[in-house]
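Biologist: I would like a close look at a single part of this model. Please take one piece and follow its surroundings outwards.

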Amino acid sequence: MLSQQIAEKIRARVGALVNQDLIITDPAGVVLAGSKSQRQDDINLDETPWAIPFSYSGRTVGQIILHEEMSNHEEVAPLICSIAELVM
């Protein structure tokens, strides 16, 4: 459901908002979009507590992994999630 093209759009929009690099994965942690410096094949989501899941039609379709955890993560996470869902 989440394509690489849509993941790249989400990465660009959210990255500009938070002013840092980030990675977009599918729900299992397979990387769909990310900067070249951060590019990996997959992410262990259990080791990434600041991953932000986002949904489409009531199902989690992806995760946003920030390069650095933000001090105001709890406040910004709902906004980041909403932007990703709007792009979907």
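Which residue of strand 2 does Ile24 stand opposite? Please start there and build up the picture around strand 1.

Modeller: A caution first: this is a predicted model. Ile24 stands opposite Ala33 in strand 2. One place earlier in the sequence, Ile23 faces Gly34 of strand 2. Strand 1 and strand 2 are paired in the antiparallel sense, over three bridges. The two strands form a hairpin with five residues between them. Within this hairpin, Gly29 takes a positive phi near 100°.

Now the other partner. Strand 1 also runs antiparallel to strand 4, and four bridges join the two. Here Leu22 stands opposite Leu66 of strand 4.

Next, the whole sheet. It is open, has four strands in the order 2-1-4-3, and its pairing is antiparallel. Strand 2 (31-34) and strand 3 (52-56) are the edge strands. Each has a single partner strand, so one side of each is left without a neighbour in the sheet. On average, neighbouring strands are turned by 25° against each other, direction ignored. Helix 2 (residues 73-87) packs on this sheet, where it touches strand 3 and strand 4 (59-66). The direction of helix 2 makes about 30° with that of strand 3.

Strand 3 and strand 4 deserve a word too. They run antiparallel and are joined by five bridges. Ser55 stands opposite Thr60 in strand 4. These two strands form a hairpin with two residues between them. Ser57, in the turn, has a positive phi of about 55°. As for burial, six of the eight residues of strand 4 are buried, so strand 4 is largely enclosed by the rest of the structure.

Back to Ile24 and its contacts. Leaving aside neighbours within four places in sequence, Ile24 is in contact with Leu2, Ala7, Ile10 and Arg11, among others. The list also includes Val30, Val31, Leu32 and Ala33. Phe54, Gln63 and Ile64 are in contact with Ile24 as well.

That leads to the cores. In soluble globular proteins, nonpolar side chains tend to be buried together. The largest nonpolar core of this model has 22 residues. Ile24 is one of those with the most contacts inside this core, along with Leu2, Ile10, Phe54, Ile64, Leu66 and Ile80. Helix 1, strand 1, strand 2, strand 3, strand 4 and helix 2 each give two or more residues to it. Helix 2 gives the most, with six residues. Another core, of five residues, lies apart from this one. Among its members are Ile23, Val31, Ala51 and Ile65. In a regular strand the side chains alternate between the two faces of the sheet. In the model, Ile24 belongs to the 22-residue core, whereas Ile23 belongs to the core of five.

One last stop, just before strand 1. Gln20 sits in the loop between helix 1 (4-18) and strand 1 (22-25). With a relative accessible area of 18%, Gln20 counts as buried, because that term covers values under 20%. The side chain of Gln20 reaches two backbone nitrogens: that of His67 at 3.0 Å, and that of Glu68 at 2.7 Å. Not counting residues up to four places away in sequence, Gln20 touches Gly15, Leu66, His67, Glu68 and Met70. Leu66 thus links back to the start of this tour: it stands opposite Leu22.

How values were computed:
Residues are numbered from 1 along each chain as its sequence is written. This is a predicted model: local features need pLDDT of at least 70, side-chain atom pairs count only at pLDDT 80 or more; totals for chains, interfaces and linings use all residues. Side-chain values use heavy atoms; hydrogens and water are left out. Buried means under 20% relative accessible area, exposed over 50%, partly exposed in between (1.4 Å probe, protein chains only). A polar contact is a pair of N or O atoms within 3.5 Å; within protein, one must be able to donate a hydrogen and the other to accept it, and residues adjacent in sequence count only if both atoms are side-chain atoms. Contact means heavy atoms within 4.5 Å. Two strands pair if DSSP finds at least two bridges between them. Axes are lines fitted to C-alpha atoms, for helices over the stretch in contact, and angles run from 0 to 180 degrees between N-to-C directions. A nonpolar core is a set of buried Ala, Val, Leu, Ile, Met, Phe, Trp, Tyr and Cys residues joined through side-chain atoms within 4.5 Å.
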